[in-house]
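Student: I would like a close look at one part: how the strands, if there are any, fit together, and what packs around them. Could you go slowly and explain the terms as we meet them?

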Amino acid sequence: QKTEQWKALGHGKYTELNSDQEFFAEVARHERTVCALFDANARVDAGIIHSALEQIAPVHLETKLCCIPADKAPLLSMHVNVESLPVLFLIRSGKVVDHIPVDRSFNAEGVAYELADRGFLDSDE
């Protein structure tokens, strides 16, 4: 039953958001959200995190996974040093509670481990 609720809310898909307003509206709808803030011009670094989250999304329906380009999210971008992009924001019930800077060594398994360790993915799936 939860699985169907999550799917109805868009869980299971990795989606791109296009504005701060869309970000705040989207994260308010979910108990757990992981959102990648990325520099659209840094294709290698952005590609690493996109690939990892695209692999994780269909397996971990319990958490909404999304991304937003930094240039479309000026309010969100004010909270991080642009040189540290991409970064994963960990959001619980609409509030950012943590963030994880992403580096080139990240892969789907490593990202899943970090998210599970912080309580954003259920590790028994």
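Tutor: Let's begin with the term "pair": two strands pair if DSSP finds at least two bridges between them. Helices (H or I, at least four residues) and strands (E, at least two) are DSSP runs, numbered from the N terminus. This is a predicted model, where local features need pLDDT of at least 70 and side-chain atom pairs count only at pLDDT 80 or more, while totals for chains, interfaces and linings use all residues. Residues are numbered from 1 along each chain as its sequence is written, and side-chain values use heavy atoms, leaving out hydrogens and water.

Now to the sheet itself. Five strands form an open sheet in the order E1-E3-E2-E4-E5, and their pairing is mixed. At the edges stand strand E1 (14–16) and E5, each of which pairs on one side only. From one strand to the next, the twist averages 25 degrees. For angles such as this, axes are lines fitted to C-alpha atoms (for helices over the stretch in contact), and values run from 0 to 180 degrees between N-to-C directions.

Let's put our finger on E4 and follow its partners. In the strand order, E4 sits between E2 and E5. Towards E2, the pairing is antiparallel and covers six bridges. Two of the partnerships can be found by eye: Val34 has Leu90 of E4 as its bridge partner, and Arg32 is matched with Arg92 of E4. Turning to E5, strand E4 (residues 87–92) and strand E5 (residues 95–101) also run antiparallel, joined by six bridges. Here Val87 is partnered by Pro101 of E5, while Arg92 has Lys95 of E5 as its bridge partner. You have therefore met Arg92 in two bridges, with Arg32 in E2's case and with Lys95 in E5's case.

What happens where the chain passes from E4 to E5? The hairpin of E4 and E5 has two residues between the strands. Ser93 lies in this loop, and although Ser93 is not a glycine, its phi is positive, at about 50 degrees. Ser93 is also exposed, because its relative accessible area is 51% (buried means under 20%, exposed over 50%, partly exposed in between, with a 1.4 Å probe and protein chains only). E4 itself offers a contrast: the strand is mostly covered, with five of its six residues buried.

What covers this region? Let's look at the helices, where contact means heavy atoms within 4.5 Å. Helix H2 (residues 20–27) lies across E1, E2, E3 and E4, and runs at about 170 degrees to E3. H5 packs on the sheet too, touching E2, E4 and E5, and its direction makes about 35 degrees with that of E4.

Between these elements we can look for nonpolar cores, meaning sets of buried Ala, Val, Leu, Ile, Met, Phe, Trp, Tyr and Cys residues joined through side-chain atoms within 4.5 Å. The largest one has 23 residues, and the members with the most contacts inside it are Leu53, Ile56, Leu88, Val111 and Leu115. At least two residues of this core come from each of strand E2 (32–38), helix H3 (43–56), strand E3 (64–69), E4 and helix H5 (108–117). H3 gives the largest share, five residues. Try clicking on Leu115: apart from neighbours within four places in sequence, it is in contact with Val34, Leu88, Leu90, Ile100, Phe120 and Leu121. Notice that Val34 and Leu90, both on that list, are the bridge partners we found earlier. There is also a second, separate core, made of 15 residues, which includes Leu17, Val27, Ala73 and Ile91.

One last stop is Thr33, which lies in strand E2. Is Thr33 buried or exposed? Its relative accessibility is 0%, so Thr33 counts as buried. With neighbours within four places in sequence left aside, Thr33 is in contact with Val27, Thr63, Lys64, Cys66, Phe89, Leu90, Ile91 and Phe120. Among them, Val27 and Ile91 are members of the second core, and Leu90 and Phe120 are also contacts of Leu115. Take Thr33, Leu90 and Leu115 together as your landmarks: Leu90 is in contact with Thr33 and with Leu115, and it is bridged to Val34.
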